Amino acid sequence: PKRIWFSRHGESQFNLEDKIGGDADLSPRGQMYADALPELIEKHLGDRPLTVWTSSMKRTIQTARHLQYPKKHWKALDELNTGVCDGMTYQEIEEQYPEDFARRDEDKFNYRYRGGESYRDLVLRLEPVIMELERHENILIIAHQATIRCMYAYFMNLEHDELPYARIPLHTVIELVPRAYGCEEKFYKVNI
Ligand code: G3H
């Protein structure tokens, strides 16, 4: 059976500063993840062919840097657009936009950042990616927390209220194997 692998980009400079959004480079630790990725993928891929998809952002392209497979960069895989909150920490958002912060907590799936997107918007944006994913053989998708949550939720049949809280840890490859009744999942963590 075919396999789908998801990975967030390696730790970025923004992750270190707890800032959301932006287009930061990988941190030194994030680069170590990028270094470790080819071996982990080879181990689980065997002799199957593979295509690697990334977003258009620096941190996913840098994470895929050492992978020697055909690549495609999709703008549709870019992280949730957080509009006016881009570059802020959650603490700053709570201080500057307390009502928004509370509304997001109430209904995280539908909350749309001012000048940005909601998880609901993302699900629509990702539709063409999911269509092509369904048609393809083995794919490794290197993307972002929110975009992976949407694709993961599609394959794992998560409800709208669960989707924005799905656990997609850093430095971990999630393997999904579609079966007759849902997907089998495995998490491969890289210790760095
Ligand atoms: O803003 C992008 C984050 O990766 C999404 O995290 O939706 O849990 O705030 P969050």
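Biologist: How many salt bridges does this protein have?
Modeller: The count comes to 11 salt bridges. Keep in mind that this is a predicted model. The mean pLDDT of the protein is 97, and 100% of its residues reach 70 or more.

Biologist: Why is the pair Glu-175 and Arg-3 called a salt bridge?
Modeller: The rule asks for a side-chain nitrogen of Lys or Arg within 4 Å of a carboxyl oxygen of Asp or Glu. The closest N and O atoms of Glu-175 and Arg-3 are 3.5 Å apart, so the pair counts as a salt bridge. The two residues come from distant parts of the chain: Glu-175 is in strand β5 and Arg-3 in the segment before β1, 172 residues apart.

Biologist: How do you know that Glu-175 is buried?
Modeller: Buried means under 20% relative accessible area. Glu-175 has 4%, so Glu-175 is buried. Arg-3, at 15% relative accessibility, also counts as buried.

Biologist: Lys-75 and Asp-78 form a salt bridge too. Which of them is buried and which is exposed?
Modeller: Their side chains meet at 3.2 Å, N to O. Exposed means over 50%, and Lys-75 is at 61%, so Lys-75 counts as exposed. Asp-78 has a relative accessible area of 6%, which means that Asp-78 is buried.

Biologist: What makes Arg-125 and Glu-117 a salt bridge?
Modeller: Their side chains meet at 2.8 Å, N to O. That value is within 4 Å, so the pair passes the rule. Glu-117 is buried, with a relative accessible area of 14%. Elsewhere, salt bridges that share partners join Asp-100, Arg-103 and Arg-114 into one network.

Biologist: Let's turn to the sheet. Why do β3 and β6 count as its edges?
Modeller: Six strands form an open sheet in the order β3-β2-β4-β1-β5-β6, with mixed pairing. β3 and β6 each have a single partner strand, so one side of each is left without a neighbour in the sheet.

Biologist: How do you know that β2 and β3 pair?
Modeller: Pairing needs at least two bridges. β2 and β3 are joined over three bridges in the parallel sense, so they pair. Trwo residues show where they line up: Trp-53 stands opposite Lys-72 in β3.

Biologist: One last residue: is Thr-63 buried or exposed, and why?
Modeller: Thr-63, found in helix α3, is at 0% relative accessibility, so Thr-63 counts as buried. A polar atom of the Thr-63 side chain lies 3.0 Å from the backbone nitrogen of Gly-10. The contacts of Thr-63 beyond four places in sequence include Arg-8, Leu-26, Tyr-33 and Ile-142.

Technical notes:
Residues are numbered from 1 along each chain as its sequence is written. This is a predicted model: local features need pLDDT of at least 70, side-chain atom pairs count only at pLDDT 80 or more; totals for chains, interfaces and linings use all residues. Side-chain values use heavy atoms; hydrogens and water are left out. Helices (H or I, at least four residues) and strands (E, at least two) are DSSP runs, numbered from the N terminus. Buried means under 20% relative accessible area, exposed over 50%, partly exposed in between (1.4 Å probe, protein chains only). A polar contact is a pair of N or O atoms within 3.5 Å; within protein, one must be able to donate a hydrogen and the other to accept it, and residues adjacent in sequence count only if both atoms are side-chain atoms. Contact means heavy atoms within 4.5 Å. pLDDT is the predictor's confidence in each residue, from 0 to 100.
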